[in-house]
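Visitor: I've never looked at this one before. Could you walk me through it, one question at a time?

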Amino acid sequence: MPRDIDYGNLMHTAMRGLIKSVLLDVAENGLPGAHHFFITFDTSHPGVELADWLSDRYPGEMTVVMQHWFDNLDVGDDGFAVTLNFGDAPEPLYIPYDAIKTFVDPSVEFGLRFENAEEDEEEGEVEALVPAAINTDHVQEDEATAARSDAEIVSLDSFRK
């Protein structure tokens, strides 16, 4: 029985490793220059830890912004913990890397989008690099528009058999 190399899964593992490396650098040295992150994650994913009122408000997914105020960034092998400010109320979060759906740094037009197998089959493709802002009600409109204007999507379909 021939075995196949699961390039899609290997790519997702490598991209999550990139996020871990970036967060480790930020934990050690802070955010450089204008860099900031929009991180969308599945709030129902096993291992996600967040306040009940946040999971009630965002039952499927949530986008957080790491920019001006964040604290206690602790980057681990399987995920990261961070305290973010929600309307002057600091809240600790724990986000496993596998729960991340998108990771975007609009200051340099860089982004990653992760899709699960069911979404891949429905849409017929996996978008690996998506330098665009995430649809969220707390992202400023001008920033979202600017990040989206020069977006380049790289499809992994051309690498599949």
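Visitor: Let's start with Glu109: is it buried, exposed or partly exposed?
Guide: First, a word on the source: this is a predicted model, where local features need pLDDT of at least 70, side-chain atom pairs count only at pLDDT 80 or more, and totals for chains, interfaces and linings use all residues. Residues are numbered from 1 along each chain as its sequence is written, and side-chain values use heavy atoms, with hydrogens and water left out. Buried means under 20% relative accessible area, exposed over 50%, and partly exposed in between, using a 1.4 Å probe and protein chains only. Glu109 has a relative accessible area of 34%, so the answer is partly exposed.

Visitor: Which loop does Glu109 sit in?
Guide: Strands here are DSSP runs of E with at least two residues, helices are runs of H or I with at least four, and both are numbered from the N terminus. Glu109 has a positive phi near 55° without being a glycine. Its place is the loop between E6 and strand E7 (110–113).

Visitor: And Asp88, is that buried or exposed?
Guide: Asp88 is in the loop between E4 and E5, and it too is a non-glycine with a positive phi, about 65°. Most residues other than glycine have a negative phi. Asp88 has a relative accessibility of 73%, so it counts as exposed.

Visitor: What is the strand order in the open sheet of 3 strands?
Guide: Two strands pair if DSSP finds at least two bridges between them. E3 (residues 70–75) and E4 are antiparallel, with 4 bridges, while E4 and E5 (residues 90–96) are antiparallel over 7 bridges. That makes an open sheet with the order E3-E4-E5.

Visitor: Which are the edge strands?
Guide: In the order E3-E4-E5, look for strands that pair on one side only. Those are E3 and E5.

Visitor: Which residue stands opposite Phe80 in E5?
Guide: Phe80 belongs with E4, which covers residues 79–85 and has 5 of its 7 residues buried. Across to E5, Val82 faces Leu93. For Phe80, the residue opposite is Ile95.

Visitor: How many residues lie between E4 and E5 in their hairpin?
Guide: There's another hairpin to look at beside it: E3 and E4 have 3 residues between them. In the E4 and E5 hairpin, Gly87 in the turn has a positive phi of about 60°. The number of residues between E4 and E5 is 4.

Visitor: How far apart are the end C-alpha atoms of H1?
Guide: H1 covers residues 7–29. The expected span of a helix is 1.5 Å times one less than its number of residues. For the 23 residues of H1 that gives 33 Å, and the end C-alpha atoms agree: they are 33 Å apart.

Visitor: Which residues touch the most other members of the largest nonpolar core?
Guide: A nonpolar core is a set of buried Ala, Val, Leu, Ile, Met, Phe, Trp, Tyr and Cys residues joined through side-chain atoms within 4.5 Å. The largest one has 29 residues, and the best-connected are Met66, Phe80 and Ile100.

Visitor: Which element gives the most to this core?
Guide: Several elements give two or more residues, among them E3, E4, E5 and H1. Buried residues in H1 include Met15, Ile19, Leu23 and Val26. The top contributor, with 4 residues, is H1.

Notes:
Contact means heavy atoms within 4.5 Å. Axes are lines fitted to C-alpha atoms, for helices over the stretch in contact, and angles run from 0 to 180 degrees between N-to-C directions.
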